[in-house]
Amino acid sequence: MKKFNILFIIILMFQIAAMAQMKRQDVVWARTIPAGTITLDGILNEPAWAQAESLKIVYGQSAGLPTSGWRAEFQPDAITDPTHATVKFLVQGNQLFIAFDIPDSSIGGNVDWARWDAILMSVKDNLNRDPLTKVAAAKEYFYSWWTNGLTNTTPIVGSKPRFLGFFGNFTDTTRTPEQINAWDAVTVIKGTSNDNLRDTSWVTEMKIDLSVLGYDVTKAEGDLVALHFSIWDCDYLFEGNPGRISTTRTHFQAPWGNAHGSNVARIIARPDIGLTSAIPNVEPDVSVPEIAGANITMDGKLFEPEWNTAYSFNIAWDDSVLRSTYPGAGRLMSGHWQPELIPGLRPPILDPSFGTVKMFFKDNFLYLGADVKDQLIQGTEIYDQIDGAAFIIGHRNSFDAENTMEFKLLRINYNNLGNPAAYDYLPVLQDSLGAEWSMSLKGSSTVNVNSDIDSGYTIELKVDLTKLGYPAGLGDRLLFMGVMLADGDSFDDSTNNYGSRTWWFREHGGAPSAAWMYLSAGGLSVDDNSNYSPSSFKLFGNYPNPFNPSTKIKYAIPSEGNVTLTIYNSLGEEISKIFEQNKIAGVYEHNFTSNNLSSGIYFYKVKFESNYSGTKELTGKMILMK
């Protein structure tokens, strides 16, 4: 027994080390505090603030992968006092409290664009989603010395920042009780704003009512709040030397407030995570399995058994139920769009898109597949009417003017000749021998023939990740991406023509979010799962492992029979009998959710009873790590 415990400890240490490699930088926990703990006064003297999780926002440094960054607005050579702020998060009831501690030697602002200090934030409105995209709408929280829109635009010495954007006003400084209850803040300045003397810092204590945005962090399972923000810093505006004036902005995940940016941060809160609680590890949105020995023929057909082992998800037009199953911020930021091919007209979508996307990796290569149902396949060069898919992947060594990771759009669709074609960044990869791809029609499907009913098409794509900034061996194994499925249909009456785009996390290279993914080494071997009419009873294990809160238990049975899955704790006590039913020969997968179980080691037993092979049992071990 003692040897078993030592072995378990060693295994657990390796598991913890593996999990530490993928600690998420787009996630911040907001600890839950009792009612009345925080007084909104701009003075961070409550002990809770000292125990709150914090972020460092430093100009010239990334505040966290994948899309934090910075930029000088006007005169980068004049920057002498760049941002180096600390931001903290707490929740009290269903109120999100944010503290911004911003050292600054020159505080204030005026009417001119970007001549102000500010906190520019976007909190995504899950209650009032965009009616056209179904994405949680971008609501701007803009707290600034900017005086644009006011009748009197003369900066007032000693003034505090004002509320603009959502729950604020650009044209005056008054606010209704409803606006104040929804969003409030108090700022304390060490120094004097809008003068020509040196200051020390400004500290803002901010409160946001999450109820009006459709979040509820008070429920037992907690909630995830999607937001992003930038800190704007204008220096030496009132000192009489225009050559010394500079403005910078430093952002966490995305810089702008009134639109969807490159990504969202995930602020997570749960009632049981208080000031002294251990902070749970947040798993990747997706763990992409490694399949050793994979041998894929790039013919556009997903016939190889590896594709059955791959991670997969469905993507469908206007399916809110499906969207709600996406991990993390995916359920908030995934959506769809129907462009107006004729201004003012969006005809009914008669054949909505549906596809299954699959992925796995081997060595330095990421394999991506799409199985798309489509009754009317067309080829065109008009982007808003294409039939195809795009895989949008973050390039680990390419950055834009905001010093933010660039995402490369790898698009495959049928062209106006009815042939498969590569677009956007995919031809660049292909030319550098960094990608192989193929597209294949299903069954008797045709392109640009409206007199028949098509089945659809499939896509295979192999990407060399070293051509997207990864080192050989894939380094930290983090992957950031999204998928877009495009479907256009044309008819004899052109007023009925339409196009649609449906996306999982990301629509294109710029927005609205990115899945945090991990390339999980030590996955299945192709030999373990190569026969999908299995000749024997097999248990492939569970994935991911460790897990929180769910894992997939995969097994194969060679003939018809009864299957029972039972879960045990480390003492061998039965805690759940999942199912007991008759199944035909094949490979099956059960998604086990831990519900209220505590962290620790658990066992599962799959029992197979058949008239042909008798009764057999296989046992596996899994680790729940909260």
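**Note on cavities, strands and unusual backbone geometry**

1. The lining of the largest cavity comprises five nonpolar, four polar and three charged residues. The model is predicted, and the points below should be read with that in mind. The space inside this largest cavity is about 70 Å³. Two cavities of 30 Å³ or more are found in the structure.

2. Which residues line the largest cavity? They are Ile315, Ala316, Asp318, Asp319, Leu322, Arg323, Tyr326, Ser334, Gly335, His336, Thr502 and Trp503. Four elements each give two or more residues to this lining: strand E16 (311-316), helix H5 (320-323), strand E17 (335-337) and strand E26 (498-504).

3. The second largest pocket holds about 350 Å³ of space. Its lining has 14 residues, and Lys23, Arg24, Val27, Val28 and Glu53 are the closest to the pocket centre. By class, this lining divides into eight nonpolar, three polar and three charged residues. Two strands, E1 (27-29) and E3 (53-58), each contribute at least two residues to the lining of the second largest pocket.

4. Strand E12 spans residues 223-235, and 13 of its 13 residues are buried. In a regular strand, side chains alternate between the two faces of the sheet. In E12, Asp223, Val225, Leu227, Phe229, Ile231, Asp233 and Asp235 point one way. Leu224, Ala226, His228, Ser230, Trp232 and Cys234 point the other way. Both sets are buried, and each of them includes residues that are not nonpolar: Asp223, Asp233 and Asp235 in one, His228 and Ser230 in the other.

5. Which strands are joined to E12 by bridges, and how many bridges are there in each case? Strand E7 (residues 118-129) is joined to E12 by six bridges and runs antiparallel to it. Strand E13 (residues 246-252) is joined to E12 by seven bridges, also in antiparallel fashion. Strand E14 (residues 265-269) is joined to E12 by five bridges, again antiparallel.

6. Individual bridge partners can be checked against the coordinates. Ser230 of E12 is the bridge partner of Leu120, and Ser230 also stands opposite His251 in E13. Ala226 of E12 has Arg266 in E14 as its bridge partner. Ser230 and Ala226 both belong to the set of E12 residues that points the same way as Trp232.

7. An open sheet of five strands runs in the order E16-E18-E19-E24-E23, and its pairing is antiparallel. E16 and E23 stand at the edges with a single partner strand each, so each of the two has one side without a neighbour in the sheet. On average, neighbouring strands of this sheet are turned by 15° against each other, direction ignored. The edge strand E16 is also among the elements that supply two or more residues to the lining of the largest cavity.

8. E23 covers residues 435-441 and is mostly covered, with five of its seven residues buried. Seven bridges link E23 to E24 (residues 456-464), and the two strands are antiparallel. In this pairing Ser438 stands opposite Glu460 in E24, and Ser440 stands opposite Thr458 in E24.

9. Backbone geometry deserves a check at several sites. Most residues other than glycine have a negative phi, and most peptide bonds are trans. A cis peptide bond joins Asn545 and Pro546, with omega of about 5°. A cis peptide bond also joins Asn548 and Pro549, with omega of about 0°. Pro546 is in the loop between strand E28 (538-543) and strand E29 (550-557), and Pro549 is found in the loop between E28 and E29 as well.

10. Where does Phe167 lie? Phe167 is in the loop between strand E9 (162-165) and helix H3 (177-182). Its phi is positive, about 60°, although Phe167 is not a glycine. Phe167 counts as buried because its relative accessibility is 17%, against a cut-off of under 20%.

11. Leu474 is another residue other than glycine with a positive phi, near 75°. Leu474 lies in the loop that runs between E24 and strand E25 (478-489). Is Leu474 buried or exposed? At 1% relative accessibility, Leu474 counts as buried.

Notes:
Residues numbered from 1 in each chain as written. Predicted model: local features only at pLDDT ≥ 70, side-chain atom pairs only at ≥ 80, totals over all residues. Heavy atoms only, no water. 1 Å grid on protein atoms, 1.4 Å probe; cavity = no way out; pocket = protein on both sides within 12 Å on 5 of 7 lines; lining within 4 Å. Points joined across faces, edges and corners; volume = space filled by probe spheres on them. Buried < 20%, exposed > 50% of the residue type's maximum accessible area, 1.4 Å probe, protein only. Pairing = 2+ DSSP bridges. Axes fitted to C-alpha atoms, helices over the stretch in contact; angles between N-to-C directions.
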